[in-house]
Amino acid sequence: MTVATTDSLLSLDDVYRARERIGGRLHRTPLLPSTTLSKQIGADVLFKAELFQRTGSFKPRGVLNKLATLTDEEKQRGVISISAGNHAQALAYASALEGIDALVVMWQTASQMKIAAARGYGATVDDSPPDIPAAFEWLDQLIEESGRVLIHPYDDPMVMAGQGTVGLEILEDSAEPPDVVLVQVGGGGLISGIATAVKAISPDTRVIAVEPELSRAMHESLKAGEPVTVEAKSAADGLNGVFSGPNCVRVCLELGVESVLVTEEALREAFRFFYTRMKLAPEMAGAATAAALLSGAFLPEPGQKVAAVVSGGNVDQKTAAAILASDEA
């Protein structure tokens, strides 16, 4: 599964055009303040609640933008992708809106809840591969055999531009531009899109990538100056990208995106924080930005304004119960 590296970087205009294409088919998710966390770290913290987005994550933004650029002939061929879950649901949902046949490759160890949800939205799901490497091999074979159009989960410029609309909303809904924007990272599509929008409008705002220590593809790629393949084994399955996309890495490097890592325990503690103090139930992946703040992996300066993305909201009930039961406080 490859997407050619774009010759030109994304622009703010690309993100604005994406918003026009997406139209009114998605929610404008709120910026929620956290008095508790703000007092604890001495900064003004706002959470961009993308877990309230349709299908439970930011993913439909990019998919809808990409589908809107397909020709009629491409739409008739149908689309295909690969996903641990949230992109699968987004592709299923958006394809149903557009009347396009969608096939998603998943794997046997993926979340059964997310597999069922993707099917429920109308996609055909092939979860026959035993693991992630086998799934990517099977995807390549299916693309060649079927002639379907690949909708890349993160590295397609149109997908990245669609995700960048999250950044537009953060800036528009803030009384003043935040000093820092924290974004959880799997493949890199969300942060590259957000960074494109935020840095164009507010160049002094820092954009920070947050990843688990056990799944750190973007972190290592930014250090190396090029995409690096890693072993991804975090319990935050939505962030388990074995590599970040070349386009995503390029955008992040050129825009000066920074990176921090969080532990598995920090992710669990952040999940408990959201559940008990903010009455939110994100996935562990969605809790990553709060984990960075609560654990001190990222420490804003006193009085700074911090906007942090929370996505997605497709947490397995058994996982949630186990995390909450492990709290000995």
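## Surface charge, a buried helix and salt bridges

A patch of negative charge on the surface brings together Asp131, Glu137, Asp140, Glu144 and Glu145. Patch members have over 30% relative accessible area and no salt bridge, and like charges are joined within 9 Å. Asp and Glu count as negative, Lys and Arg as positive; His and the chain ends are not counted. The place of a charge is CG for Asp and CD for Glu.

This is a predicted model, in which local features need pLDDT of at least 70 and side-chain atom pairs count only at pLDDT 80 or more, while totals for chains, interfaces and linings use all residues. Residues are numbered from 1 along each chain as its sequence is written, and side-chain values use heavy atoms, with hydrogens and water left out.

One patch member, Glu137, sits in helix H7 (residues 132–146). Helices are DSSP runs of H or I with at least four residues, strands are runs of E with at least two, and both are numbered from the N terminus. Glu137 is exposed, at 60% relative accessible area. Here buried means under 20% relative accessible area, exposed means over 50%, and partly exposed lies in between. The areas come from the Shrake-Rupley method with a 1.4 Å probe, and for residues only the protein chains shown count as cover.

**Helix H12**

Helix H12 spans residues 246–254, and its buried residues include Asn247, Cys248, Val249, Val251 and Cys252. Their cover includes helices H8 (157–163), H10 (189–201) and H11 (217–224). Just after H12, Gly256 has a positive phi of about 70°.

Val249 belongs to H12. Its relative accessible area is 1%, so Val249 is buried. Which residues touch Val249, leaving aside neighbours within four places in sequence? They are Met218, Ser221, Glu226, Pro227 and Ser244. Contact means heavy atoms within 4.5 Å. Ala195 is 54 residues from Val249 along the chain, and their C-alpha atoms are separated by 11 Å.

**Salt bridges**

Side chains of opposite charge can pair when their charged atoms come close. The whole structure holds 21 salt bridges. Each is a side-chain nitrogen of Lys or Arg within 4 Å of a carboxyl oxygen of Asp or Glu. Three of them are tabulated here.

| Pair | Closest N to O |
|---|---|
| Arg28 and Asp173 | 3.1 Å |
| Lys66 and Asp156 | 3.1 Å |
| Glu269 and Arg272 | 3.1 Å |

Arg28 pairs with Asp173 in a salt bridge. This pair links distant parts of the chain, 145 residues apart: Arg28 is in the loop between helix H1 (12–22) and strand E1 (31–33), and Asp173 is in helix H9 (residues 165–173). Arg28 is partly exposed at 43% relative accessible area. Asp173 is also partly exposed, at 37%.

Lys66 forms its salt bridge with Asp156. This pair too links distant parts of the chain, 90 residues apart: Lys66 is in helix H3 (residues 59–68), and Asp156 is in the loop between strand E6 (149–150) and H8. Lys66 is buried, at 14% relative accessible area. Asp156 is buried as well, at 7%.

The Glu269 and Arg272 pair lies within helix H13 (residues 264–278), three residues apart, or about one turn of the helix. Glu269 is partly exposed at 36% relative accessibility, whereas Arg272 is buried at 5% relative accessible area. Elsewhere, salt bridges with shared partners join Arg19, Arg28, Glu172 and Asp173 into one network.

Methods:
Patch = residues over 30% accessible without salt bridge, like charges linked within 9 Å, V, L, I, M, F, W, Y side chains within 5 Å. Buried < 20%, exposed > 50% of the residue type's maximum accessible area, 1.4 Å probe, protein only.
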